[in-house]
Amino acid sequence: MPPEGTLYPAAFASLSSGCGLTVQHDRQNRRFTVTPGSGAGVHDCAVLHYRFTGHKEVDLMSTYVPETFRGQGVAAMLSQAAIDFLVEEELKAHVSCWYIKKYIEERPLQRYKDLVIK
């Protein structure tokens, strides 16, 4: 298991907006975040929340991207980080968030679809 607060910059280089945005996994609070930079407040943060629903099962509950981040691929970065987490930890997921459902449906990789509990 990667240490708490692990950063995933290399995995998202192709999904970034060119502004050097990085996804951070906050395991203690069960969320992935993207923050615009130093001095940014909690309300400036894009976030994907999840919760454990059983042994090796999570619910990808919601994503939120502040207006200033929208249209830059930030929700996709968060979704990919969550999928990578599922793969690394060998988890299955319920997907409550409409955006993450759409993200997975738009990816032709069967391994992504195999992660979802229907």
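Trainee: Let's start with contacts. Of those between residues at least 6 apart in sequence, what percentage join residues at least 24 apart?

Mentor: Keep in mind that we're looking at a predicted model. A contact here takes heavy atoms within 4.5 Å. Take the contacts between residues at least 6 apart in sequence, and the share that joins residues at least 24 apart is 48%.

Trainee: And in what order do the elements run from the N terminus on?

Mentor: The protein has 3 helices and 5 strands to place. Read from the N terminus on, the order is β-β-β-β-α-β-α-α.

Trainee: Which residue in the β1–β2 turn has a positive phi?

Mentor: Strands β1 (residues 23–26) and β2 (residues 31–34) run antiparallel, with 4 bridges joining them. They form a hairpin with 4 residues between them. In that turn, the residue with a positive phi, about 50 degrees, is arginine 30.

Trainee: Now follow threonine 33 across the strands. Which residue is its bridge partner in β3?

Mentor: On the β1 side, threonine 33 of β2 has glutamine 24 opposite. β2 is also joined to β3 (residues 46–54), by 4 bridges, and that pair runs antiparallel. In β3, the partner of threonine 33 is valine 47.

Trainee: Carrying on from there, what is the bridge partner of valine 47 in β4?

Mentor: β3 and β4 (residues 57–64) run antiparallel, joined by 7 bridges. Their hairpin has 2 residues between the strands, and lysine 56 in the turn has a positive phi of about 65 degrees. Over in β4, valine 47 pairs with tyrosine 64.

Trainee: On to pockets. Which element gives the most to the lining of the largest pocket?

Mentor: The largest pocket has a volume of about 210 Å³. Of its 14 lining residues, the closest to the centre are Thr63, Val65, Arg70, Ala75 and Tyr99. Elements giving two or more residues to the lining are β4, α1 (74–89) and α2 (98–105). The top contributor, with 3 residues, is α1.

Trainee: How many residues of that lining are nonpolar?

Mentor: Split the lining of the largest pocket by class. There is 1 charged residue and there are 4 polar ones, while the nonpolar count is 9.

Trainee: Last one: what percentage of the exposed area do carbon and sulfur atoms supply?

Mentor: For background, buried residues, those under 20% relative accessible area, make up 39% of the 118 residues. The protein exposes about 6700 Å². Of that area, the share from carbon and sulfur atoms is 52%.

Technical notes:
Residues numbered from 1 in each chain as written. Predicted model: local features only at pLDDT ≥ 70, side-chain atom pairs only at ≥ 80, totals over all residues. Heavy atoms only, no water. Pairing = 2+ DSSP bridges. 1 Å grid on protein atoms, 1.4 Å probe; cavity = no way out; pocket = protein on both sides within 12 Å on 5 of 7 lines; lining within 4 Å. Points joined across faces, edges and corners; volume = space filled by probe spheres on them. Nonpolar A, V, L, I, M, F, W, Y, C, P; charged D, E, K, R; others polar. Buried < 20%, exposed > 50% of the residue type's maximum accessible area, 1.4 Å probe, protein only. Areas by Shrake-Rupley, 256 points an atom, 1.4 Å probe, with all protein chains shown as cover.
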